[in-house]
Amino acid sequence: MMKRFHVHISVDNLQDNIRFYSALFGTEPSISKLDYAKWMLDDPYINFAISARGAKPGLDHVGIQVDSEEALIEMNHRLAQADLPAAEQKNAQCCYAASNKYWAVDPQGIAWEAFHSLTTIPVFGQDTAIPTKTESCCAA
């Protein structure tokens, strides 16, 4: 089982940020839409996403992407050990993907998701999770 760190940042100008992060990572995004871009990098091993959808610019949420339902269940057990509010989502539609997810909020109010992507979808989508201090499609 492999786990990939995930960071999602809300931006005010998508093209300026695509140019910056493409230079930083040395490659163009794996996915590029009018309101969203994502780099699936192996070095560093990260799923790094940005979106321009009207949210306050800055850190949107972080997480761990897993490659199987078994690994997702294991991550849910880890989140449960933190004894913080958590929420489960099945077939969540967000960020041009359908995913099964578990959400938690750390003591600072930062939304964390553990997720297993099932398939791509043609629209950004919108799911909801437990309330946090962030504003996002994925962590309302």
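Helices (H or I, at least four residues) and strands (E, at least two) are taken here as DSSP runs, numbered from the N terminus. On that basis the protein chain holds two helices and eight strands, arranged along the sequence as β-α-β-β-β-β-α-β-β-β. The model is a predicted one, in which local features need pLDDT of at least 70 and side-chain atom pairs count only at pLDDT 80 or more, while totals for chains, interfaces and linings use all residues. Residues are numbered from 1 along each chain as its sequence is written, and side-chain values use heavy atoms, with hydrogens and water left out.

A good place to start is strand 1. This strand, residues 3–10, is mostly covered, with six of its eight residues buried (under 20% relative accessible area, with exposed over 50% and partly exposed in between; 1.4 Å probe, protein chains only). Pairing requires that DSSP find at least two bridges between two strands. Strand 1 pairs with strand 5 (residues 58–66) in the antiparallel sense over eight bridges, and Ser10 has Gly58 as its bridge partner there. Strand 1 also runs parallel to strand 4 (residues 45–51), joined to it by six bridges, with His8 partnered by Ala49.

Glu113 lies in strand 8 (residues 111–120) and is buried, at a relative accessible area of 4%. Its side chain makes a polar contact of 2.8 Å with that of His61 (a pair of N or O atoms within 3.5 Å; within protein, one must be able to donate a hydrogen and the other to accept it, and residues adjacent in sequence count only if both atoms are side-chain atoms).
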